[in-house]
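Thanks for coming, everyone. Let me put the model up, and we can walk through it together.

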Amino acid sequence: MRRLVGAATALALAGASMPAQAQQDFINVLTGGTSGVYYPLGVALSKVFTEKVQGSRPSVQATKASVENLTLLQQGKGEIGFTLGDSLAMAWAGDEEAGFKAKQDKLRGVTAIYPNYIQIVATKESGIKSLADLKGKRLSVGAPKSGTELNARAILQGAGLTYKDLGKVEYLPFGESVELMKNRQLDATLQSAGLGVSSIRDLATSVPIVVVEIPAAVVDKVGTPYVKVTIPANTYDGQTAPVQTAAVVNYLVTHSGVKDETVYQMTKAIYESLPDLAAAHAAAKDIKLDSALSGMPVPMHPGAQRYFDEKGVKKGS
């Protein structure tokens with residue numbers, strides 16, 4: 001009997017210690033809405049980590065993207081997450097207006113990835129052809145305090161517009177915005193995502209669209225970290241000419257509590273699996289090793305820094 005009790009006690013003690021050990025193996029990938037770019041890339045990352053990060057147990061969490069991801073990382077509720085560069089800079093600064101009540105000081109950089117194109121798309125029947133035409137119209141700007149919504153505020157301000165100038169503002173994820181546009185309940189959507197985002201592809205195959213230009217002068221007025229880019233012709237059905245717009249670099253971020261070796265292995269796995277990521281979404285074709293440290297607004301995680309040191313990658317190279 002004593003032996004049985006002893007064995008039961010040993011099992012109980014082993015069970016009590018299991019969560020702490022298992023926790024070290026978990027890699028929760030924080031992404032965005034399922035109709036955006038972060039989510040399919042996050043799913044691809046989880047597969048890569050399963051294969052290449054020994055002993056890992058990856059999972060993928062759909063979120064409201066940048067701001068929520070950074071808040072969750074600060075709380076230790078994820079191991080790696082996607083974010084826009086301007087959201088990341090605001091999180092590090094503790095910008096309350098952007099949704100951060102205090103400096104998110106546990107955030108650590110992993111790598112720069114691809115640029116998010118600010119894509120303003122209107123239904124052709126709305127008559128919207130320029131930013132000025134948005135006055136009095138119904139526009140979806142992304143989830144409240146999301147990275148997309150922060151982009152929307154910045155771009156509209158650069159064009160001399162505010163939400164008060166619009167007929168109606170909807171704070172909706174990409175997929176829901178598209179559904180309302182198909183049903184003529186919304187005139188336009190602003191989506192900050194990689195080129196070829198599935199939500200806009202879906203919209204363009206359902207109704208005639210206009211991709212609205214963000215002129216170079218507006219991008220210059222908004223300033224860093226926004227840059228001037230072009231959406232190539234035929235990125236979406238019916239978009240027969242190239243369109244000028246703005247972009248912001250995306251980053252993968254972790255937090256200071258994740259083990260150096262885990263982050264090193266994750267970083268290594270990412271750069272050894274770029275074709276797999278590009279197969280998941282074309283936006284990943286823009287992930288380049290030589291620009292991995294470009295513009296990173298938070299300190300690098302030592303594990304990621306070790307990988308880039310091995311590869312001879314320097315900041316600003």
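How many helices and strands are there in the protein chain? The chain has 11 helices and 10 strands. Keep in mind that this is a predicted model.

Overall shape next. The radius of gyration is 21 Å, close to the 20 Å that the globule rule gives for 317 residues, so the chain is as compact as a globular protein of that length. Along the principal axes, the C-alpha atoms fill a box of roughly 80 × 45 × 40 Å. Of the 317 residues, 50% count as buried. Now contacts. Take pairs of residues at least 6 apart in sequence: 74% of those contacts join residues at least 24 apart. The surface is about 14,400 Å², and carbon and sulfur atoms supply 53% of what is exposed.

On to the pockets. The largest pocket has a volume of about 320 Å³. It has 25 lining residues, and the closest to its centre are G32, G33, K64, A65 and F174. Which elements each supply at least two residues of that lining? They are α2, residues 38-52, α6, residues 174-182, and β7, residues 188-193. Helix α6 gives the most, with 3 residues. By class, the lining has 10 nonpolar, 13 polar and 2 charged residues.

The second largest pocket comes in at about 230 Å³. What lines the second largest pocket? The list is D86, M90, D95, E97, A98, L150, R153, A154, Q157, V222, P225 and Y226. Two helices each supply at least two residues here: α4, residues 85-93, and α5, residues 147-158. Helix α5 gives the most, with 4 residues. The class split is 7 nonpolar, 1 polar and 4 charged.

Hold on to P225 from that lining. A cis peptide bond joins T224 and P225, with omega at about 5°. Most peptide bonds are trans. Where does P225 lie? P225 is in the loop between α8, residues 216-222, and β9, residues 227-231.

Now the closed space. There is 1 cavity of 30 Å³ or more. The largest cavity has a volume of about 40 Å³. Its lining is L41, L45, F82, I113, L252, I270, L277 and I287. By class that makes 8 nonpolar, no polar and no charged residues.

Back to the backbone, and phi. Most residues other than glycine have a negative phi. Two residues here go the other way. R184 has a positive phi, near 60°, and R184 is not a glycine. R184 sits in the loop between α6 and β7. Is R184 buried or exposed? The cut-off for exposed is over 50% relative accessible area. R184 has 58% relative accessibility, so R184 counts as exposed.

N234 is also not a glycine, and its phi is positive at about 65°. N234 lies in the loop between β9 and β10, and β10 spans residues 243-255. At a relative accessible area of 57%, N234 is exposed.

There is a glycine to show as well. Just after α3, G76 takes a positive phi of about 75°. Helix α3 itself covers residues 66-74, and the helix is mostly covered, with 7 of its 9 residues buried. Which residues of α3 are buried? They are S66, V67, N69, L70, L72, L73 and Q74.

One last residue, I209. I209 lies in strand β8, which runs over residues 209-212. Why does I209 count as buried? Buried means under 20% relative accessible area. I209 has 8% relative accessibility, so I209 counts as buried. What does I209 touch, leaving out residues up to four places away in sequence? The contacts are V121, A122, T123, K124, L203, A204, Y236 and D237. For a sense of distance, try I209 and V248: they are 39 residues apart in sequence and 23 Å apart in space, C-alpha to C-alpha.

Quick recap before we discuss. The two pockets shown have volumes of about 320 Å³ and about 230 Å³. The largest cavity is about 40 Å³. For the backbone, look at the cis bond between T224 and P225, then at phi of R184 and N234. Over to you.

How values were computed: Residues numbered from 1 in each chain as written. Predicted model: local features only at pLDDT ≥ 70, side-chain atom pairs only at ≥ 80, totals over all residues. Heavy atoms only, no water. 1 Å grid on protein atoms, 1.4 Å probe; cavity = no way out; pocket = protein on both sides within 12 Å on 5 of 7 lines; lining within 4 Å. Points joined across faces, edges and corners; volume = space filled by probe spheres on them. Nonpolar A, V, L, I, M, F, W, Y, C, P; charged D, E, K, R; others polar. Buried < 20%, exposed > 50% of the residue type's maximum accessible area, 1.4 Å probe, protein only. Contact = heavy atoms within 4.5 Å. Rg over C-alpha atoms; globule rule 2.2 N^0.38 Å. Areas by Shrake-Rupley, 256 points an atom, 1.4 Å probe, with all protein chains shown as cover.
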